[in-house]
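Reader: Could you show me how to read helices and a ligand site in a structure that is new to me?

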Amino acid sequence: MKIAVLPGDGIGTEIVAEAVKVLNVLDLSFEMETAPVGGAAYEAAGHPLPEATLKLAKDADAILFGAVGDWKYDKLERALRPEQAILGLRKHLGLFANFRPAICYEQLTHASSLKPELVAGLDILIIRELTGDIYFGQPRGRRTAPDGHFPGAEEAFDTMRYSRPEIERIARVAFEAARKRNKHVTSVDKANVLETFQLWKDVVTEVGKDYPDVTLDHMYVDNAAMQLVKKPKFFDVVVTGNMFGDILSDEAAMLTGSIGMLPSASLNAGNQGLYEPSHGSAPDIAGQGVANPLATILSAAMMLRYSLNQPEAAARIESAVQAVLAQGLRTADIWSEGTTKVGTRAMGDAVVAAITKTTITKS
Ligand code: NAD
């Protein structure tokens, strides 16, 4: 099992170190190799995704990724900005399926802005198509409007498009994932207005016939945005396009109240995947040892489940995270009165201890 470890910038190095520590106590043998990415790679090699880093990623079974970005790179030309590294990895590895779980841990229900009874036990998996839709559709650009409401005015345009195979493959990913969960898929579209999403709805319905054991329903995106805050526990697996998924996955993440707890995965057709926390590089707290490493540790668990075929090891990590929360340990972002505030390393150590069932002295 070969893992490319790409810590990146800001808190990336701190949180990835904790995830690596956790992987190392699992009695599994991994080949792990680290390389710079993002701003760190720009500093070291003049590019956010150097050839050597890309090769390492391509040759690995999975990539454990921290986060990239820092405000100090905002003035660089777009192609050299740290965030381009993620787009490059998605493109070169064909990572078309983005998994964003939104899980509300029992001990953290108070962190949500919704009433505890609405979110307690929440466990949604948002599956977002990642390589198509209006974000990549051609043609796009700026021009002088040839027609429309203001002919001759400056205008900009993008193209929303999806092909049948693109929809089929993401739909299959969603149905397969639902089979391992509560067997319920909600496909989110805007078929009432958009041709692209009428095709989406038709194809998802056809694919659904191959999965009679999974309940399929369809929801317009505006209603889905509403239902996520009204009755979030209705959802099990949500599958949608790139743009709607971008927005709904952030909305779902916020239902749980803490971005520091949420992992994510981006997979290709061969189940090779990039695993990263849903948050960014948090330059405001970098280097202080206070970042929450749990999203990254849970991303490592997803990696074991989806790319490395080690579901039992994944479950061990997830139970260990539950156990440290039950012990009352909290990093600053999820701390509340009556719980014990710990730093990044102490939180990683506590997860390791819960896995190995040994007790350690709190640092
Ligand atoms: P952010 O997610 O980095 O931070 C938002 C807020 O959440 C900050 O207050 C931060 O301190 C806090 N936070 C984030 N992760 C945390 C953690 N693990 N523990 C405790 N607190 C945490 O988003 P931002 O501030 O908008 O962006 C900062 C940089 O990250 C930018 O350069 C942005 O482009 C980049 N970014 C990268 C990714 C990625 O690498 N996938 C994703 C989003 C943003």
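Author: What follows takes two helices and then the ligand. The model is predicted, so local features need pLDDT of at least 70 and side-chain atom pairs count only at pLDDT 80 or more, while totals for chains, interfaces and linings use all residues. Residues are numbered from 1 along each chain as its sequence is written, and side-chain values use heavy atoms, with hydrogens and water left out.

Reader: Which residues of helix 6 are buried?

Author: An α-helix has 3.6 residues a turn, so residues three or four places apart point the same way. In helix 6, a DSSP run (H or I, at least four residues, numbered from the N terminus), the buried residues (under 20% relative accessible area, 1.4 Å probe, protein chains only) are Glu166, Ile167, Ile170, Ala171, Ala174, Phe175, Ala177 and Ala178. Seen down the axis, these fall within an arc of 160° (taken from the directions from the helix axis to the C-beta atoms), so they line one face of helix 6.

Reader: Why is helix 10 described as largely enclosed?

Author: Helix 10 covers residues 294-306, and because 12 of its 13 residues are buried, the rest of the structure largely encloses it. Among the buried residues are Leu294, Ile297 and Tyr306.

Reader: Which residues are closest to the ligand?

Author: Of the 18 residues surrounding the ligand (a heavy atom within 4 Å), the closest are Val68, Glu83, Gly280, Ala282 and Asp284. A polar side-chain atom of glutamate 83 lies 2.4 Å from a ligand oxygen atom, and one of serine 281 lies 3.1 Å from a ligand oxygen atom.

Technical notes: Helices (H or I, at least four residues) and strands (E, at least two) are DSSP runs, numbered from the N terminus. The expected span of a helix is 1.5 Å times one less than its number of residues. Buried means under 20% relative accessible area, exposed over 50%, partly exposed in between (1.4 Å probe, protein chains only). A polar contact is a pair of N or O atoms within 3.5 Å; within protein, one must be able to donate a hydrogen and the other to accept it, and residues adjacent in sequence count only if both atoms are side-chain atoms.
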